[in-house]
Structure formats: C-alpha cells, structure tokens
Amino acid sequence: MARRSGLPQLLPPGLPPSEEPFAGDYEIVWSIYVRCNNLQKLREVHIPAIEALIGQPEGGKGWLHDNENYIEDRDRSLKRIVAVQRLKGPYNDQFLIGLMKALYSLSSSWTVEARLNPSHPRGVYVSARFQRESPGSEAPAVVDALVELEANFTDSLGRKSGRHFGTTRRISATMSGDSPAAARDSDGDGPS
C-alpha cells in the first residue's frame with residue numbers, strides 16, 4: 001500500500017495504487033494572478049517582466065489566460081495566467097534547483113511544502129505559494145502565485161494532461177498587436 005502524505009497533491013482519477021517509485025516525467029504548473037486592467041498591458045508589460053525573471057515555462061509557446069468567467073464575484077482587475085512546463089524524467093535534483101531559482105527570482109517570500117523522496121510511489125512533489133495585498137507600481141504586478149513541481153501521471157495514463165484551467169486561451173508576450181490572435185484576445189476593459 002502506498003504511503004499516505006499530508007501534502008495537498010491532487011492525483012488524476014483512475015490512477016492505480018503502486019508501491020514502485022515513480023520513474024516517469026515531471027511537470028511544473030504555474031498559476032499566477034497579475035493586477036492589470038487589460039490583456040494588452042498583461043501581454044506587453046507584465047508577461048515580459050515575469051519571463052525576464054523566470055524564463056518561458058511553455059518554451060516560448062505563450063501562457064494560457066484563464067478569464068475565470070465561471071467565478072461570478074471575482075476581482076476583475078486580476079488576470080490569471082497559467083503554464084505547464086514539461087520536464088523529461090526521471091526526477092533529478094536539477095528540477096528542484098531550477099524551480100527554486102525561478103521562484104526566488106520572482107519573489108523572496110514563498111510558503112513551500114514538499115515531499116523530496118524520489119522513491120515515493122507518487123514521486124517528488126513541491127507546492128509553493130506566494131501572496132501579497134499590494135504589488136506596487138512596477139511590473140510584474142503579481143499578487144498571487146501557486147507553483148507545483150509534480151510527477152506527470154497523466155502522460156503515464158495515456159492522456160496529454162489532467163489539468164483543467166477553466167476557460168483559457170493562449171496569450172503571448174511576443175504576439176503582434178495586429179495578429180488575428182491578438183484581436184481575439186481583446187477583453188474590452190480599455191487601457192489601464
């Protein structure tokens with residue numbers, strides 16, 4: 001029987017129990033809330049500032065913007081961007097070192113919970129959370145971030161990803177303002 005863990009790790013449905021150490025691929029899931037009034041400013045100012053600090057988790061493919069229309073009372077001045085960074089397994093300590101460098105370049109204050117046992121049947125798991133009330137006036141205006149390093153069980157189950165990010169669309173710092181994709185991304189809030 002697999003050892004129980006008190007960490008808040010979500011596992012995909014249908015994952016069979018295992019006693020064997022996880023030896024597959026890993027992923028880092030980034031979920032970042034930025035205080036910003038419109039998608040153009042998010043794309044042109046905040047995402048480049050975030051990428052200057054942590055790199056491009058999606059390998060230059062752009063982030064996903066989750067408009068969170070399913071949350072009725074959400075703060076409309078917050079924009080959520082998400083990305084999944086794939087890491088070819090099995091686990092090695094460079095995954096953790098790279099993650100920690102990226103986290104602490106974004107902020108010096110994180111709450112981190114971790115299971116760092118690569119022999120565990122659910123693999124290594126790290127959950128890092130950052131929150132602040134007022135992001136200040138400089139970009140990136142990050143007010144909340146949740147970042148997880150975890151085993152990629154969904155690939156081992158034959159699915160591409162088990163993550164559901166709500167209503168998302170690709171958004172990129174390099175997307176031209178004249179492109180059809182940029183026109184589709186207009187949210188009507190006007191410049192901030």
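## A look around helix α2

The chain's secondary structure comes to four helices and seven strands, where helices (H or I, at least four residues) and strands (E, at least two) are DSSP runs numbered from the N terminus. Along the sequence the pattern reads β-α-β-β-α-β-β-β-α-β-α. This is a predicted model, with local features needing pLDDT of at least 70 and side-chain atom pairs counting only at pLDDT 80 or more, while totals for chains, interfaces and linings use all residues. Residues are numbered from 1 along each chain as its sequence is written, and side-chain values use heavy atoms, leaving out hydrogens and water.

On confidence: pLDDT is the predictor's confidence in each residue, from 0 to 100. The chain averages 79, and 74% of the residues score at least 70. Two helices mark the extremes of mean pLDDT among the elements:

| Helix | Mean pLDDT |
|---|---|
| α4 (residues 180-184) | 35, the lowest |
| α2 | 96, the highest |

Over residues 175-192 the pLDDT is below 50, though this stretch still has 28 contacts in the model beyond near neighbours in sequence; a contact means heavy atoms within 4.5 Å. Where pLDDT is low, the predicted coordinates should not be read in detail.

So what about α2 itself? Helix α2 has 14 residues (93-106), which at 1.5 Å a residue should span 20 Å, and its end C-alpha atoms are indeed 20 Å apart; the expected span is 1.5 Å times one less than the number of residues. Its buried residues (buried is under 20% relative accessible area, exposed over 50%, partly exposed in between, with a 1.4 Å probe and protein chains only) are Phe 95, Leu 96, Leu 99, Ala 102, Leu 103 and Leu 106. They cover an arc of only 130° around the axis, which puts them on the same side of α2; the arc is taken from the directions from the helix axis to the C-beta atoms. Asp 93, Gln 94 and Lys 101 are exposed on the other side. The buried set packs against β1 (26-35), α1 (39-54), β3 (78-87), β5 (125-131) and β6 (142-151).

Aromatics come next. Rings of Phe, Tyr and Trp (its six-membered ring) pair if their centres lie within 6.5 Å, with planes under 30 degrees apart stacked, over 60 edge-to-face and the rest tilted. The structure holds six such pairs. Tyr 91 and Phe 95 pair edge-to-face, at 5.6 Å centre to centre and 85° between the planes. Tyr 91 is buried at 14% relative accessible area, and Phe 95 is buried at 10%. Both belong to one aromatic cluster with Phe 22, Tyr 26 and Phe 153.
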